[in-house]
Amino acid sequence: MASSTTKSAFWLGARHGLPFIFVVSPFGLLFGVVGTEAGLNIAEVMGFSVLVIAGASQFAALQLMTENAPTVIILATALAVNLRMAMYSASLTPHLGGAPLWQRALMAYFLVDQSYAVGIARFETHPGMPLAQKTAYFFGTITLVCPFWYTMTLIGALAGQQIPPEYALDFAVPITFLALIAPALRTLAHVAAAAVSVAVSLALAFVPYNGGLIVAALAAMMAGAQVELWMRGRQA
């Protein structure tokens with residue numbers, strides 16, 4: 001009975017993650033095209049998507065590479081863009097932290113915006129789910145998303161410059177983050193972090209090599225944390 005319930009949780013996660021392939025696919029395709037146009041070979045493009053598996057930081061790093069930015073700037077920018085993964089991990093730890101180490105390692109690798117958005121929504125609305133079901137559900141959410149990301153990146157890399165520019169595949173980038181971020185702005189702390197991030201990014205747009213993005217990410221995290229502390233103080 002428990003095994004059947006775990007399988008059901010896995011396939012439920014797969015169904016909930018299914019709609020994201022329509023966003024991830026053009027995103028991966030776009031990165032494959034942009035990567036080859038930037039001078040990377042297919043192995044290098046795929047290495048980005050398989051080893052880094054973080055679309056936003058991949059685009060940021062690729063842009064800086066084309067500008068011949070220093071390696072330390074490229075790494076720092078990629079890490080700054082991906083700081084949200086640390087917050088995702090902290091948010092999921094109460095739900096998945098009790099899983100075996102090898103499972104947590106796999107979940108850490110497959111932790112992407114889509115798997116987090118679907119997973120945390122499910123776990124918070126169903127707090128009584130056993131750990132085994134939560135783990136199965138999380139793995140279900142990435143069963144289709146990540147293979148489509150790899151596959152479409154490869155197709156984009158193979159297609160390269162053969163895709164006409166008028167198709168404008170770059171529409172997927174802002175749509176992806178709008179779809180994920182907008183529903184997450186549920187508290188004043190979330191809104192404050194987003195507002196500070198936008199304001200600081202715009203104010204420091206003149207900084208070379210997107211250096212303002214690093215400052216904006218740190219400022220947003222501090223602003224959100226401070227507002228969260230202020231809200232808890234008022235409630236106490």
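What percentage of the 236 residues in the protein do buried residues make up? Buried residues account for 42% of the 236 residues, where buried means under 20% relative accessible area, exposed means over 50% and partly exposed lies in between, with a 1.4 Å probe and protein chains only.

This is a predicted model, in which local features need pLDDT of at least 70 and side-chain atom pairs count only at pLDDT 80 or more, whereas totals for chains, interfaces and linings use all residues. Residues are numbered from 1 along each chain as its sequence is written, and side-chain values use heavy atoms, with hydrogens and water left out.

**Overall architecture**

The protein has 12 helices and 0 strands, helices (H or I, at least four residues) and strands (E, at least two) being DSSP runs numbered from the N terminus. With contact defined as heavy atoms within 4.5 Å, residues 24 or more positions apart account for 77% of the contacts that have a separation of 6 or more. The accessible surface comes to about 12,600 Å², of which 71% belongs to carbon and sulfur atoms; accessible areas come from the Shrake-Rupley method with a 1.4 Å probe, and for residues only the protein chains shown count as cover.

**Residues in their settings**

The table gives the element and the relative accessible area of selected residues.

| Residue | Location | Relative accessible area |
|---|---|---|
| Phenylalanine 31 | helix α2 (residues 21–37) | 0%, buried |
| Isoleucine 53 | loop between α3 (42–52) and α4 (55–66) | 7%, buried |
| Valine 112 | loop between α7 (101–109) and α8 (113–125) | 9%, buried |
| Glutamine 103 | helix α7 | 16%, buried |
| Valine 191 | helix α11 (residues 188–203) | 40%, partly exposed |

Leaving aside neighbours within four places in sequence, phenylalanine 31 is in contact with Val45, Phe48, Ser49, Gln58, Phe59, Leu62, Trp149 and Thr153. One of these partners, serine 49, is 18 residues away along the chain, and its C-alpha atom is separated from that of phenylalanine 31 by 8.7 Å.

Valine 112, with neighbours within four places in sequence again left out, is in contact with Ile53 and Met85. Isoleucine 53 has a positive phi of about 40 degrees although it is not a glycine. Valine 112 also lies 8.9 Å from tyrosine 88, C-alpha to C-alpha, with their positions 24 residues apart in sequence. Glutamine 103, on the same basis of excluded neighbours, is in contact with Thr135 and Phe139.

**Packing of α6 against α8**

Two packed helices are described by the angle between their axes and the distance between the axes. The axes of helix α6 (residues 83–96) and α8 come within 11 Å and cross at roughly 35 degrees; axes are lines fitted to C-alpha atoms, for helices over the stretch in contact, and angles run from 0 to 180 degrees between N-to-C directions. The crossing of α6 past α8 is left-handed, a term used if the near helix is turned anticlockwise from the far one by less than a right angle, with clockwise giving right-handed. On the α6 side, Arg84, Met85, Tyr88, Ser91, Leu92, His95 and Leu96 meet Asp113, Tyr116, Ile120, Phe123 and Glu124 of α8.

**A nonpolar surface patch**

Leu185, Leu188, Val191 and Trp230 make a nonpolar surface patch of about 370 Å². Patches are made of residues with over 30% relative accessible area and no salt bridge, with like charges joined within 9 Å and nonpolar side chains (Val, Leu, Ile, Met, Phe, Trp, Tyr) within 5 Å; a salt bridge is a side-chain nitrogen of Lys or Arg within 4 Å of a carboxyl oxygen of Asp or Glu.
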